[in-house]
Amino acid sequence: MNRSNQPSNLDILDALALRFAASEQVYASPGGKYQEAEARSEFIDPLLDALGWDTANRAGLIAASREVLREETQRRENSFSKKPDYTLRYHGERMLYVEAKKPSVDILKDMDAIFQARAYGYTDSHPIVVLTNFKSLSVYDTTVPAREGDLPEVCRIFTCNYSEYKSRIGELEKLLGRESVVSSGWADQFTSTRPEHAVPADETFIAQINAWRIEVAADIVSRHPGTKAEMLNDVVQKLINRLVFVRMCEDRGIEGEAILRDAAKGSAADIQALFASLHRRYNTGLFDQTHVQAEPTLLMDSDLLSRIINRLYSPYSPFSFAVLDADFLGLVYETSLAEHLVVTDVDGTKEVNLNQKLEYSRRDVVTTPQRIVDATVQRTWNQAAPDFVNHMKVLDFAAGSGRFLVSAFDQYVTLFTEHLIAESSPRLVQIAPGEYRLPFEEKCALLKDNFFGIDVDFNAVEVARFSLLVRLLEDETKASLPDGQKILPDLDANIIPGNTLVRKLPGATTEQLTLAVPLDLTSTALPAKFDVIVGNPPYMKTEEMKAFNFAEYQYLKDNYLLLHRQFDKYIAFIEFALDHVTDTGVIGVVIPNKWMTIVAGEKLRGRFRLQQFVADLANFRHVQVFAAKSIYVCTLVLTRAGQDTFTYSEPGSFEEFTSGGVLARVITAGDLPTSPSDAWVLPANEYESTVLSGIRENSLPLGTLVDARNGIQTSKNKVYILEGCRIADGYVTFEKKGVSWSIEEEVTRPYLEDSRSVRSHHSVVPDARVIFPYRATAEATDTIPVADMQRDFPKAYEYLAANESGMKDRDMAEVEGSVPFYTYGRNQAIGYATQSPKIFYSVNQRGDKYGIDETGIVYSSGGTAGEVALYPTDSGYSLDFVLALLDQAPIEFFLRKRGSPFRGGYFARGTDAIADVPVPKLDFEDATDVSFHDSVSRLTKDIRDLNAKTKTLAPQQMGLHQEKVRAAKSKVAELFAVRWGLARDEYLKLNLSAS
């Protein structure tokens with residue numbers, strides 16, 4: 001017995017089925033008058049309600065927050081709108097679409113309905129789409145695009161009749177019930193039906209656009225051979241933007257159905273007439289045909305244009321332009337903007353291809369996932385306290401395709417609408433009971449007066465303007481738009497081309513000026529200061545900037561105060577933002593997280609500390625935000641409000657970050673280093689805070705107790721490093737390129753080539769030899785003179801001389817004066833690399849890669865690769881004590897936060913990172929401290945001795961032997977745990993494997 005007064009879901013489904021069965025002939029009659037809108041309100045709405053969806057918005061949420069969006073034209077049967085009838089959402093994210101038809105439409109066979117539904121889901125990258133007329137319900141896998149010739153059964157993974165809804169409620173709830181859809185693993189159930197090599201919609205769309213770009217460009221060049229590549233790119237991009245814009249207006253019911261295709265059936269003049277009318281209507285500049293020399297319809301073959309237009313419609317196109325929104329376009333265009341059309345002459349024939357733009361070839365091209373864009377903008381608005389009276393000036397300082405601006409505009413409109421609702425303002429338009437929208441004209445004014453962008457790429461600027469105009473029209477219908485002409489704002493002065501960072505480059509070459517595109521901000525209509533600055537600035541390392549445009553690099557270095565050492569360009573963008581935000585303004589960006597710890601970030605960290613800018617910091621640490629890119633980022637929100645604390649989190653996934661499920665901690669001054677510019681190693685929760693506080697309390701940095709030094713750099717290892725060699729009678733024999741050589745052993749040193757052999761609690765064993773053409777004198781270690789080399793080491797000289805020509809291309813910039821040709825490419829380490837004892841450690845590792853060298857092994861270093869060595873000083877701390885410390889889980893935890901993440905769970909820890917490791921501060925006049933130090937050192941030596949015996953033991957002895965090793969390690973860990981005041985069983989919970 002149902003104890004509630006409300007009927008159960010099964011009762012609802014049973015009642016719906018009985019009511020439909022009673023009049024099925026009337027409802028499903030092909031000639032009957034029962035319409036789709038009636039089927040939705042009487043049957044499909046209750047069906048979705050029974051599956052947990054609030055179709056009537058009983059929760060009273062505003063449109064932007066509703067979980068079910070119903071197409072508002074659904075009661076107008078003759079509307080041209082092809083928007084989905086139902087959009088099911090969670091936290092504002094579209095999860096799946098439900099397309100409804102009247103019962104007289106046989107959805108099991110009607111290919112127009114099937115193609116339409118599949119296009120919805122595919123375009124928006126949903127795993128499935130639902131098609132129903134209540135009489136039947138079908139679910140289609142939408143990871144595969146619909147193709148001409150598909151049968152109704154293609155990609156259909158579920159279907160049932162209304163009479164089965166009650167009996168199959170479990171299947172229905174799993175497929176599209178709200179509780180299932182909003183769960184994290186909902187989409188996983190569809191992987192078994194998915195093709196192995198499914199191509200996402202954005203990749204398909206990019207491929208199609210690029211094919212058209214080449215096809216149109218090749219046609220134009222064949223007709224007008226003198227067309228320059230720059231104009232060619234602009235003309236082709238304008239044409240594609242026009243076609244997409246019209247198709248979006250058609251499918252949204254803003255323009256007539258298939259007006260573009262109908263115009264294409266006529267002559268070129270018909271298409272030009274259509275564009276002229278659209279120019280008068282929208283006034284975007286997109287359809288302006290006054291510049292004859294840049295008018296695509298006059299430059300290209302009209303038959304080719306007609307063929308392309310026809311490919312924009314079903315069944316040839318797998319996309320729905322009704323759901324292809326500004327977010328999708330931004331994602332697509334951001335990727336395609338990295339390539340431009342080039343014209344080359346091949347044996348007298350003009351060929352057109354797409355090549356990567358020079359500015360992108362020097363750096364990683366990264367596209368920020370839309371969910372990260374939206375969440376970053378939302379966190380920015382959370383700090384902004386929007387002014388709805390004067391409105392707020394918003395800037396994207398690296399606009400790209402405009403996705404940050406679109407998101408900022410969208411969210412501001414929502415906030416402004418909520419504000420007006422709360423004030424019961426008459427300025428709003430009511431679109432449904434309890435549902436209101438900002439009038440179109442007011443949205444236009446809001447965009448024109450308050451949203452701005454800059455980008456160095458002219459084509460990106462065009463796309464950003466286009467994306468914003470698309471967003472303006474996105475929620476509109478023909479009825480909601482004004483009847484007059486010129487209804488869209490002119491954004492030419494809002495989104496401008498130019499270099500955000502560079503004002504002028506005196507003395508630069510023409511090529512350098514062309515690449516840099518200096519921008520005089522005083523000559524633009526941009527405000528001097530902005531209330532909100534958002535974006536994802538370019539990431540470009542010092543070496544890449546120098547190679548791309550040295551004049552621009554020098555300008556940045558001379559004009560931006562926060563740039564330090566080997567800086568990245570994004571730091572200059574942050575400084576620009578700090579200098580151009582109002583006193584009450586907010587900055588929200590996505591940038592690499594390395595600024596928190598690297599030397600190049602010292603000045604940036606110092607400014608943040610001294611002026612208290614940080615408000616919210618979400619550090620993704622080792623989580624890959626950008627697909628297939630080893631770039632690790634954070635979202636950073638800055639405010640000038642003088643606050644002593646900020647919110648810090650470490651999201652483990654997109655879902656945690658965008659859903660608000662990630663735990664955050666308030667960072668106080670006690671969590672930050674004493675020096676404003678020192679590295680930030682921050683706790684993400686109270687447990688981490690306890691561990692970090694424990695190891696830092698009463699400690700010294702390791703860099704004050706040992707010397708962390710990089711190894712040699714020959715700049716031609718394949719000549720100097722001798723692998724697989726044999727030593728006998730004072731000679732080293734080896735083979736290079738099939739030739740056997742023997743050289744004097746005295747001019748070589750033992751060398752570590754393969755770092756995989758380095759393991760904690762083991763002695764390091766050399767696996768190669770290195771030619772070491774140096775000799776120690778009373779003052780220094782110098783290169784052996786040529787005459788001495790020829791006299792004392794003739795065989796080594798003969799080998800080196802045979803390789804002299806191959807060593808001439810080395811970068812010897814750091815080597816001063818005239819030196820023998822066999823001198824290393826860098827002077828570093830030649831005076832100490834052969835010394836011992838020292839601790840070797842692999843720079844890029846996951847722990848357990850710290851070994852001791854007691855024989856004088858030479859090693860190499862370079863960037864995030866190779867080895868670093870720790871040399872003892874007269875501090876009183878033994879190297880065995882340091883080895884034991886580095887083996888402790890809390891220290892590895894610290895280093896993973898302090899260092900830089902890499903793929904595969906590896907974390908780099910260079911000399912700067914290792915130097916910051918906190919070491920218990922010991923008083924060697926205190927008996928307790930001495931006992932602690934000596935006990936740790938002795939146990940560490942015992943463990944190494946035990947490990948050295950492992951190879952000599954019989955199998956039956958291994959169990960007892962390994963237990964001795966474990967017991968000794970456990971004792972060391974216990975000694976450190978007591979010293980740190982940490983419960984060992986607690987700090988062992990540090991999930992280093994997951995990191």
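Three strands form an open sheet in this predicted model. Their order is E22-E27-E26, and the pairing is antiparallel. Strand E22 (721–723) and strand E26 (748–751) stand at the edges. Each has a single partner strand, so one side of each lacks a neighbour in the sheet. On average, neighbouring strands here are turned by 35° against each other, direction ignored. E22 and strand E27 (residues 768–771) run antiparallel and are joined by three bridges. One pairing in detail: Glu723 has Ala768 in E27 as its bridge partner.

**Strand E17 and its partners**

How many residues of strand E17 (residues 633–639) are buried? Seven of its seven residues are, so the strand counts as mostly covered. In a regular strand, side chains alternate between the two faces of the sheet. Both faces of E17 are covered. Val633, Thr635, Val637 and Thr639 are buried on one side. Cys634, Leu636 and Leu638 are buried on the other.

E17 has antiparallel links to strand E15 and to strand E16. Cys634 of E17 appears in both pairings: it is the bridge partner of Ile591, and Asn619 stands opposite it. The table lists the antiparallel strand pairs by bridge count.

| Strand pair | Residues of the joined strand | Bridges |
|---|---|---|
| E15 to E17 | 581–592 | seven |
| E16 to E17 | 614–619 | five |
| E22 to E27 | 768–771 | three |

**Helices H1 and H3**

Helix H1 (residues 9–22) packs against helix H3 (residues 36–50). The angle is about 160°, and the axes are 9 Å apart. That angle makes H1 roughly antiparallel to H3, because values over 145 degrees count as such. H1 passes H3 in a left-handed crossing.

Which residues of H1 and H3 meet? H1 brings Asn9, Ile12, Leu13, Leu16, Arg19 and Phe20. H3 brings Glu42, Phe43, Pro46, Leu47 and Ala50. The residues of this contact divide into eight nonpolar, one polar and two charged.

**Two buried charged residues**

Arg896 is placed in helix H30 (residues 889–898). Is Arg896 buried or exposed? Its relative accessible area is 6%, so Arg896 is buried. Arg896 and Val681 are 215 residues apart in sequence. In space, their C-alpha atoms are 9.4 Å apart.

Asp219 lies in helix H7 (residues 201–223). Its relative accessible area is 15%, so Asp219 is buried too, given the cut-off of under 20%. Which residues does Asp219 contact, leaving aside neighbours within four places in sequence? They are Leu299, Met300, Asp301 and Leu304.

**The chain as a whole**

The secondary structure of the protein chain comes to 34 helices and 37 strands. The C-alpha trace spans about 105 × 85 × 60 Å along its principal axes. Of the 995 residues in the chain, 53% are buried. Sequence separation in the contacts is the last point. Take the contacts between residues at least 6 apart in sequence: 70% of these join residues at least 24 apart.

Conventions. Residues numbered from 1 in each chain as written. Predicted model: local features only at pLDDT ≥ 70, side-chain atom pairs only at ≥ 80, totals over all residues. Heavy atoms only, no water. Axes fitted to C-alpha atoms, helices over the stretch in contact; angles between N-to-C directions. Helix = DSSP H or I, 4+ residues; strand = E, 2+ residues; numbered from the N terminus. Parallel < 35°, antiparallel > 145°, perpendicular 65-115°, else oblique. Left-handed = near helix turned anticlockwise from the far one by under 90°. Contact = heavy atoms within 4.5 Å. Nonpolar A, V, L, I, M, F, W, Y, C, P; charged D, E, K, R; others polar. Pairing = 2+ DSSP bridges. Buried < 20%, exposed > 50% of the residue type's maximum accessible area, 1.4 Å probe, protein only.
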